[in-house]
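Here is a quick tour for anyone meeting this structure for the first time. Have a look at the sequence and the model, then read on.

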Amino acid sequence: MSALSVAKRDFLNVRRAKLVWIPALLYALFMLVFYWGQSSRPEPDFYMVLWSLAGIGGALVIPLVAIVAAYLSIAGERESGSIRYQLSLPVSRSDVVVGKLLARTGVVVASLLIAFAIGIVAAQVLVPDMTLEYDGYAAFVALTLLYALAYVAVAVAISAATASRSRAMSGAIGFFFVFNLGWNFLPVSPVQMARFVFEELGVDYSDALLDLIFSLSPTGAYLNGMKLVFPDDFTALQATTAGSNPFYIQGWFMLVILAGWIVVPLLLGAWQFRRTDLG
């Protein structure tokens, strides 16, 4: 039995869960609302819809889709005891972690792709006068799926490192509030605290450094990664980025940060899972 076998079995078990699909349908509803909002404008802006989706979807819906799909992937089976049966088969604990990641990612990607398909059809129906940028839409979808994968990886890692449903839920919700709402959107955020400390100490700092701090969370990296999606003259994105452009705030480096959020938590979660006594 390999990680692919674990993934296939887990995918079949979780694909019908309503809680997995409801947040994705909510994301599709947001798209319908944003497209409908553009229908009343004299010059509908396709990229403004994507920017609204990146802000609200990136802050709320995409993390919820991933967390709901993955936070019980291992912790739920540990609490019920079924994980012991699975590990009695010729499968390693690392295979279990990778298999769960593949299965939960498959469910999340499938639900989001359906939502994106609904969105592009809605754009053609609700706003026939709007110019659709299919290349930009494809890039937006790809970046959003990578962002979702980062949250799936974090949720699977938390699930692997915890022994009960309640702890897995607490860990996933805590991560969401700290590294999403707290890090990027609350008035007392790491960016604001860093600015206050630098100014109090009289330390010279650049907007690029603050932009990097903002981007160290999955959501911050996702939002600043939109530099790869939107045209250079898109004013809403220009207003959120630093005037200088060192490598660590460029769009491609945001992909590196998101990749780090996939790999590092998984390694830590798998390490903790391997050393845990399940008896």
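Before we get to the record, a word on how to read it: UniProt positions are given in the numbering used here, feature names are shortened, and annotations may be inferred rather than shown by experiment. Keep in mind, too, that this is a predicted model.

With that said, the unreviewed UniProt entry lists "transmembrane region" at residues 20-37, 49-74, 101-125, 137-161, 168-186 and 247-271. Two of these spans can be set side by side with what the model shows.

| Span | Helix | Strand | Distance between end C-alpha atoms |
|---|---|---|---|
| Residues 137-161 | 100% | 0% | 36 Å |
| Residues 168-186 | 89% | 0% | 24 Å |

**The overall picture**

What does the chain as a whole look like? You'll find 13 helices and zero strands. Its radius of gyration is 20 Å, close to the 19 Å that the globule rule gives for 279 residues, so the chain is as compact as a globular protein of that length. Along the principal axes, the C-alpha atoms fill a box of roughly 60 × 55 × 25 Å.

How much of the chain is buried? Of its 279 residues, 49% count as such. The chain exposes about 13,200 Å², and 66% of that comes from carbon and sulfur atoms. Now take the contacts with a separation of 6 or more: residues 24 or more positions apart account for 79% of them.

**Rings meeting rings**

Aromatic side chains are a good thing to look for here. Rings count as a pair if their centres lie within 6.5 Å, and by this rule the count comes to 21 aromatic pairs. One of them joins Tyr 147 and Tyr 222: the ring centres are 4.3 Å apart and the planes sit at 10°, so this pair is stacked, the cut-off for that being under 30 degrees. Tyr 147 belongs to helix α7 (residues 134-161) and Tyr 222 to helix α11 (residues 218-224), so the pair ties together parts that are 75 residues apart in sequence. Both Tyr 147 and Tyr 222 are buried.

Ring pairs also build a cluster, linking Tyr 27, Phe 46, Tyr 47, Trp 51, Phe 116, Tyr 137, Phe 140 and Phe 230. And a ring can have a charge for company: the charged end of Arg 93 sits over the ring of Phe 273, 5.5 Å from its centre.

**The beginning of the chain**

Ser 2 is in the segment before α1 and is partly exposed, at a relative accessible area of 34%. Its C-alpha atom is 8.2 Å from that of Val 96, although 94 residues separate the two along the chain.

Next comes Ala 3, in helix α1 (residues 3-14). Is Ala 3 buried or exposed? Its relative accessibility is 12%, so Ala 3 counts as buried. Setting aside neighbours within four places in sequence, Ala 3 is in contact with Asp 95, Val 98 and Gly 99. The C-alpha atoms of Ala 3 and Val 98 are separated by 5.9 Å, and the two residues are 95 apart along the chain.

**A buried serine in a loop**

Finally, find Ser 217, in the loop between α10 (207-215) and α11. Ser 217 is buried, with 0% relative accessibility. Which residues does Ser 217 touch, not counting those up to four places away in sequence? They are Phe 179, Trp 183, Asn 184 and Trp 261. Leu 32, by contrast, is 28 Å from Ser 217, C-alpha to C-alpha, and 185 residues from it in sequence.

Terms used. Residues numbered from 1 in each chain as written. Predicted model: local features only at pLDDT ≥ 70, side-chain atom pairs only at ≥ 80, totals over all residues. Heavy atoms only, no water. Phe/Tyr/Trp six-rings, centres within 6.5 Å; stacked < 30°, edge-to-face > 60°. Helix = DSSP H or I, 4+ residues; strand = E, 2+ residues; numbered from the N terminus. Buried < 20%, exposed > 50% of the residue type's maximum accessible area, 1.4 Å probe, protein only. Lys NZ or Arg CZ within 6 Å of the ring centre and 35° of its normal. Rg over C-alpha atoms; globule rule 2.2 N^0.38 Å. Contact = heavy atoms within 4.5 Å. Areas by Shrake-Rupley, 256 points an atom, 1.4 Å probe, with all protein chains shown as cover.
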